[in-house]
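Reader: I am new to this structure and would like to go through it step by step. Please show it first, and then I will ask.

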Amino acid sequence: MLIRIILSVILVFSGTALSAKNLINISISEGNTGGIPIAVVPFNLNGNTKLNRAEIDISNIIRADLYNSGQFNVYPVKNISSSITKSEEIDYAYWQNKAQIDNLVIGNINIIDKDRCDISLDVIDVVSKKQKKHYLFENILIEDLRYFGHLISDLLFENFLGVKGTARTRIAYLSKEKNGSDLVHKLIIADSDGYNKKVAVTSDAPLMSPVWSPDGNKIIFVSFANNKSRIKLLDLPTGKITSITDLPGINGAPSWSPDGSKLALVLSKDGSPNIYTLDLQSRQLTRLTHTAFIDTEPYWHPNNREIFFTSSRSGGPQIYKIDLNNPDKPAKRVTFLGRYNATPRISPDGKNLVMMHRDDDGIFCIAVKSLVSDETKILTRSDHDDSPTLSPNGLMVMFGTRVNGRKAIGMVSIDGNFRNTFFTDESFVAQPSWSPLRNS
Amino acid sequence: MFTKKIIKILSLGAVVASVLTVSGCASNKSGSSYGESGHAVSDSMRYYGQPVSVSEEQNLLKQNVYYFGFDSYQVTEDDKLSVYAHAKKLVKNPQSRVRLEGHTDERGSAEYNIALGERRAKAVANLLVSKGVSPTQIDIVSYGAEMPVDTGHDENAWEKNRRVVLVSCS
């Protein structure tokens with residue numbers, strides 16, 4: 001079956017080509033050997049160009065994206081001797097028996113001129129020896145090749161798994177860097193593989209808790225400028241920052257409602273930290289918890305009816321949920337394992353609660369509790385894991401981690417089969433937030 | 001301690017520099033008078049029925065950081081003496097203000113630590129108010145685990161970070 005996709009739209013991406021500053025070193029921990037076996041062969045380059053192979057061969061990006069999705073067992077490129085131009089050249093016996101992969105991706109990049117190229121690729125079922133899919137992208141800007149690598153990764157992911165891939169998503173995270181004797185705090189946005197890093201906010205005072213809006217156009221965060229906490233909103237298209245709440249006491253832990261019309265947040269203006277919702281249009285505040293305990297970290301369930309949060313009302317932090325349709329009913333406790341459970345995050349399908357958990361050794365890790373079976377599973381182990389954020393397809397968890405004393409960003413699949421750690425240029429990174437799927 | 005807080009906001013497309021400077025809290029000014037011999041008790045204060053000399057009072061006022069045990073927001077008995085010295089000064093100078101900054105060690109959830117830091121700052125605030133300071137003279141901010149003085153990952157570092165800092169404002 002031939003699928004021809006013609007895209008000659010001008011895409012507004014300010015990242016440059018593939019080898020744009022390598023901002024992230026991926027330290028590979030545990031790949032998913034139980035994943036779908038696939039090999040992405042180095043692409044053929046046809047035509048004249050001054051650029052070298054590394055800058056154009058998007059098979060590198062596709063291999064990395066499929067690997068990082070945690071769902072594929074990606075054949076190592078060092079084992080592949082050369083690219084394959086035509087299906088006729090495929091040594092099926094090798095791929096089936098020696099390499100033991102089921103699916104082969106071969107591709108061509110045809111240079112048109114110094115700015116443009118075509119991409120064509122085939123997905124081949126090694127067992128039936130049939131071409132399963134053909135993709136053609138014509139008249140692409142070479143500077144957009146990185147995006148097309150991710151686009152192809154997403155198409156392959158959806159093709160094999162029936163679920164949207166996240167190669168074209170972004171992350172926001174916080175960094176702290178020394179500037180002489182001072183600290184500079186930054187809110188950074190990057191592609192979910194760490195490339196195309198941009199600084200969105202810089203501050204001399206701490207920043208906290210960045211969260212993407214459901215439409216992907218805004219980020220809400222906490223600022224400590226002028227010795228006071230405030231919740232602020234960054235509008236990404238304009239770069240404008242507006243103040244959302246500036247009340248006495250704590251203004252913190254903001255979270256978006258599924259439709260983006262409301263926020264849940266924490267205010268201590270009435271004595272102790274409590275959960276409120278704020279209608280962004282009317283700016284009306286509604287108080288949800290009324291205890292003298294610590295109630296914090298609200299997170300909206302995708303059913304739009306329940307808000308999960310962290311509360312100290314049973315002694316130490318545990319996760320509770322409140323029913324917005326019955327707000328006078330006492331909140332219901334959700335976690336019972338261990339003496340510290342916090343930072344609740346609910347998967348998009350509503351079935352999994354991901355959280356920060358302190359295990360019996362006193363180590364903080366990321367755990368997942370099935371809201372269907374009530375089983376809890378610990379997913380990670382390092383010096384100190386925190387700030388979980390879910391991928392928009394619910395299959396992957398990104399979190400703050402510390403390895404050998406250095407703060408980094410960790411990733412683990414929700415079934416625990418795949419782990420990875422990202423180190424960035426910054427020596428201190430924290431509190432990642434995963435964007436929704438891109439609209440484009 | 002002078003602190004200038006500058007916020008630079010960089011937009012994605014254009015650079016918009018908006019610089020806000022706020023003059024922070026001035027440093028403590030010592031102001032009590034004492035007799036010629038240096039250990040006069042003419043200006044003494046009384047805690048728990050015991051007279052305290054003026055120089056002791058100065059020392060108590062010099063202390064402005066109070067430390068806490070793990071998971072605790074109890075002010076120690078020793079620290080209370082210093083807090084009460086500050087209270088007396090604030091009562092004497094109703095125009096002056098303090099800012100209490102609450103902190104925790106790095107362990108646990110960042111936002112939960114904001115709440116814990118506030119508990120610690122409020123514990124100190126309650127002591128000031130109990131000695132007659134008006135709540136309008138007190139600002140409270142919790143930084144949780146976000147501003148450690150020691151970035152180590154052991155009890156040595158943690159105990160230095162569990163603190164409330166009393167910052168005097170003019």
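Reader: Is Glu306(A) buried or exposed?
Author: This is a predicted model, so the values here are computed from it. Residues under 20% relative accessible area count as buried. Glu306(A) has a relative accessible area of 10%, so the answer is buried.

Reader: Which residue forms a salt bridge with Glu306(A)?
Author: Side chains of opposite charge can pair when their charged atoms come close. Glu306(A) lies in strand β20 (residues 306-311) of chain A and its partner in strand β21 (residues 318-323), so the pair ties together parts that are 15 residues apart in sequence. The partner counts as partly exposed, at 23% relative accessibility. The closest N and O atoms are 3.2 Å apart, and the partner is Lys321(A).

Reader: How many residues apart in sequence are the parts that Arg287(A) and Asp270(A) tie together?
Author: Arg287(A) forms a salt bridge with Asp270(A), with 3.4 Å between the closest N and O atoms. Arg287(A) is in strand β18 of chain A, while Asp270(A) is in the loop between β16 (262-267) and β17, so the parts tied together are apart in sequence by 17 residues.

Reader: What are the relative accessible areas of Arg287(A) and Asp270(A)?
Author: Arg287(A) is partly exposed, with a value of 27%. Asp270(A) is partly exposed as well, and its value is 42%.

Reader: Where does Arg283(A) lie?
Author: Arg283(A) is not a glycine, yet it has a positive phi of about 65°. It counts as partly exposed, at 43% relative accessibility. Its place in chain A is the loop between β17 (274-279) and β18 (285-287).

Reader: Ser387(A) also has a positive phi; in which strand does it lie?
Author: The phi of Ser387(A) is about 50°, although the residue is not a glycine. With a relative accessible area of 13%, Ser387(A) is buried. The element of chain A that holds Ser387(A), residues 386-390, is strand β27.

Reader: How many disulfides does the rule count over all chains?
Author: A disulfide needs a pair of cysteine sulfur atoms within 2.5 Å. Cys117(A) is buried, at 0% relative accessibility, and Cys365(A) is buried with a relative accessible area of 0%. Over all chains, the count of disulfides is zero.

Reader: Now to chain B: how many helices and strands does it have?
Author: From the N terminus on, its elements run β-β-β-β-α-β-α-β-α-β-α-β. The count for chain B is four helices and eight strands.

Reader: What percentage of contacts in chain B between residues at least 6 apart in sequence join residues at least 24 apart?
Author: Chain B has 170 residues, of which 45% count as buried. Among its contacts between residues at least 6 apart in sequence, the share that joins residues at least 24 apart is 68%.

Reader: Which residue meets Glu77(B) in a salt bridge?
Author: The partner is three residues apart from Glu77(B) in helix α2 (residues 77-92) of chain B, so the two are separated by about one helical turn. The partner is buried, with a relative accessible area of 18%. The N to O distance is 3.0 Å, and the residue is Lys80(B).

Reader: How many residues of chain A are in contact with chain B?
Author: The area buried between the two chains is about 3300 Å², with 58% of it from carbon and sulfur atoms. On the side of chain B, 33 residues take part, and the number in chain A is 51.

Reader: Which element of chain B gives the most residues to the side that touches chain A?
Author: The rule finds 13 residue pairs in polar contact across this interface. In chain B, β1 (7-10), β6 (97-103), α3 (110-130) and β7 (138-144) each supply at least two residues of the side that touches chain A. The element that gives the most, with nine residues, is α3(B).

Reader: Which side chains meet in a salt bridge between chain B and chain A?
Author: The count between these chains is one salt bridge. Its N to O distance is 3.5 Å, and its side chains are those of Arg402(A) and Glu106(B).

Reader: Which residues of chain A does Arg107(B) touch?
Author: Arg107(B) is found in the loop between β6 and α3 of chain B. It is linked with Asp105(B), Glu155(B) and Arg162(B) in a network of salt bridges. Not counting residues up to four places away in sequence, Arg107(B) touches residues of both chains, and those of chain A are Phe364(A) and His384(A).

Terms used
Residues are numbered from 1 along each chain as its sequence is written. Chains are lettered from A and ligands numbered from 1 in the order in which they are written. This is a predicted model: local features need pLDDT of at least 70, side-chain atom pairs count only at pLDDT 80 or more; totals for chains, interfaces and linings use all residues. Side-chain values use heavy atoms; hydrogens and water are left out. Contact means heavy atoms within 4.5 Å. Buried area is the accessible area (1.4 Å probe) that two parts lose on being put together, summed over both. A salt bridge is a side-chain nitrogen of Lys or Arg within 4 Å of a carboxyl oxygen of Asp or Glu. A polar contact is a pair of N or O atoms within 3.5 Å; within protein, one must be able to donate a hydrogen and the other to accept it, and residues adjacent in sequence count only if both atoms are side-chain atoms. Buried means under 20% relative accessible area, exposed over 50%, partly exposed in between (1.4 Å probe, protein chains only).
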